[in-house]
Amino acid sequence: MRLIESRPQAKMGIRHILLLISVGIYLPLLEATSPNIVFILADDLGWNDVGFHGSEIKTPNLDRLAKDGVQLDNYYVQPLCSPSRTQLMTGKYQIHTGMQHQIIWPCQPYCVPLEEKLLPELLRAAGYATHMVGKWHLGMFRKECLPTRRGFDSFFGYLTEYEDYYTHHRCYPLFELNVTRCALDLREGEEVAPGYDGMYSTHLFTQRATDVIRNHDHKKPLFLYLAFQAVHAPLQVPERYTAPYSFIRDPQRRLFAGMVSAMDEAVGNVTEALMAHNLWNNTVLVFSSDNGAQTLMGGSNWPLRGRKWSLWEGGVRAVGLVNSPLLEKPGVTSRELIHITDWLPTLLNLAKGSAERTTSLDGFDVWKTISKGMTSPRLEILHNIDPLYIDIPPCTSDPPHTLLPDLIHEPRPVISRVNQSDGFNVHIHAAIRYREWKLLTGYPGCPLWFPKPGSTSGLQPSPPCPTKEAAVRLYNIEQDPEERHEVSALNPRMVDFLLRRLQHYQSGSKPIIFPDDDPKCDPAPTGAWGPWA
């Protein structure tokens, strides 16, 4: 009897065991559909500033992540800080948010439009814990503009474009008051964060990022946005990081190299923390620069033409990589076309989130391109259209070189029908990429090829460049990534097509938001930069 009575219990036990096994298998699958996302953004890191592009600067951690992951060799950002960050967070071109001109300066009363739903807001709606460490630079004149009001559960970092790496103070001229104010720019959430004087920002932000990882509740997927101050000016770094670079004669380049090494070490510490706290196996890590290097401050985009602030490849072609155990075909270099606007739809789809709360995006989901090596859905990139463009930094090489007068000519005239093509004003600073073709109009920015660091060849002059009466240039970027051979006269139909595309974008652009400084921003009463309106 006992044996007979025990059979149903035995059956129930087996069912329970099978149920537990099936749930045990299924739950990890559920978790795997929502990977942790770690996005690391470097500031002013140039094409020739990482080891895996052949730099003399040693970046073993980034090199390993690139080698074992997917190195992005046809990846584009914007030529300046705020525009790249805006496009990362919105998935939209600058012209569709009114942010197409310059950056947000400390006293300008605006931010990324509040009606825009940013990436952390969308990920939080998908169940993510969202944390930001580092540089914001998307506006802060009102509290509603702050990171913790735009989707981040926590924020530790600074709000403006740069500051001292040790004191965390930013100095800025208040012209209406005829004074320059230096004040603290460091916050914990929405509160000013004193007490970190003397702590090097790369170390400080790395420690906070690893704290976030260590304290993360595994019941939720993690989104960590780590936006380093490095390697933006000022050139500051502990001496131990420059010691291995005594062979670099240029003192700016030597300091810059040390800053890159400190950042590379930080990236290694973050990945080690992810592994140590059992997050790595379900994490997608993206590393990106926000724009090309500023050659006046030790950076190098060699052999690409131009620099930060310009629409030449040296300003917009970025260092980028993805590493993750979730990649299906790791260990490759992708030459598929990818743009910084693509991260929002890509990461949101990985997170099983919804973009319904956003208006139409300019980005594409490129996960299959990255993970499986499939063809990119992107055929075109609007680099920018900015009728107000001014190239603020002087168009010279790094000291001790000086710019010869014959190197600053505008390009030669283009003899074709392009100047009458559907009304686009070719005097406007603009650029567009379509497949292998890139068209630039107006003045794209400093047109020089800055020499490889350590080279004794000096500046390489730009060829005779277009006049302002016919400022159109066309390049085949796949054949000519250094933009040395202007071919508009040989391809008038492509020029006309791309000018029509620029006109299409221009007709749908939003008015530029770029207000005058507001003297009410004066940080003197509080001793810290922050909201004032």
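Is D391 buried or exposed, and at what relative accessibility? In this predicted model, D391 counts as buried because its relative accessibility is 16%, and the cut-off for that class is under 20%. The side chain of D391 meets that of R307 in a salt bridge, with an N to O distance of 3.7 Å. The two residues come from distant parts of the chain, 84 residues apart. R307 is placed in the loop between strand 11 and helix 8 (313–316), whereas D391 is found in the loop between strand 15 (380–386) and strand 16 (429–434). R307 has a relative accessibility of 0% and therefore also counts as buried.

The whole structure was searched for such pairs, and 22 salt bridges were found. Side chains of opposite charge can pair when their charged atoms come close. One of the pairs is formed by R85 and D43, at 3.4 Å from N to O. R85 belongs to helix 3 (residues 81–90) and D43 to the loop between strand 1 and helix 2 (60–68), so this salt bridge ties together parts that are 42 residues apart in sequence. Both R85 and D43 are buried. A further salt bridge joins the side chains of E161 and R170, with 2.3 Å between N and O. E161 counts as buried because its relative accessibility is 3%. For R170 the relative accessibility is 3%, so R170 counts as buried.

The salt bridge between R307 and D391 has partners in separate loops, one of them between strand 11 and helix 8. Since R307 is at 0% relative accessibility, it counts as buried. Elsewhere, salt bridges that share partners connect D43, R85, K135 and D290 in one network.

Strand 11 comprises residues 283–289, and seven of its seven residues are buried, so this strand is largely enclosed by the rest of the structure. In a regular strand the side chains alternate between the two faces of the sheet. Strand 11 is covered on both faces. One side carries T283, L285, F287 and S289, and the other carries V284, V286 and S288; each of these residues is buried.

Strand 11 pairs with two strands described here. Strand 1 (residues 36–42) runs parallel to strand 11 and is joined to it by seven bridges. Within this pairing, A42 has S289 of strand 11 as its bridge partner. Strand 12 (residues 320–323) runs antiparallel to strand 11, and four bridges connect the two. Here V286 is matched with V322 of strand 12.

The second largest pocket holds about 400 Å³ of space. Its lining consists of 20 residues. Those that lie nearest the centre of this pocket are Y162, H232, Q294, K308 and W309. Sorted by class, the lining has 14 nonpolar residues, two polar residues and four charged residues.

A final site concerns S261, which is located in helix 7 (residues 251–276). The relative accessibility of S261 is 13%, and S261 therefore counts as buried. Leaving aside residues up to four places away in sequence, the contacts of S261 are with I57, K58, Y241 and Y245.

How values were computed. Residues numbered from 1 in each chain as written. Predicted model: local features only at pLDDT ≥ 70, side-chain atom pairs only at ≥ 80, totals over all residues. Heavy atoms only, no water. 1 Å grid on protein atoms, 1.4 Å probe; cavity = no way out; pocket = protein on both sides within 12 Å on 5 of 7 lines; lining within 4 Å. Points joined across faces, edges and corners; volume = space filled by probe spheres on them. Nonpolar A, V, L, I, M, F, W, Y, C, P; charged D, E, K, R; others polar. Buried < 20%, exposed > 50% of the residue type's maximum accessible area, 1.4 Å probe, protein only. Pairing = 2+ DSSP bridges. Salt bridge = Lys/Arg side-chain N within 4 Å of Asp/Glu carboxyl O. Contact = heavy atoms within 4.5 Å.
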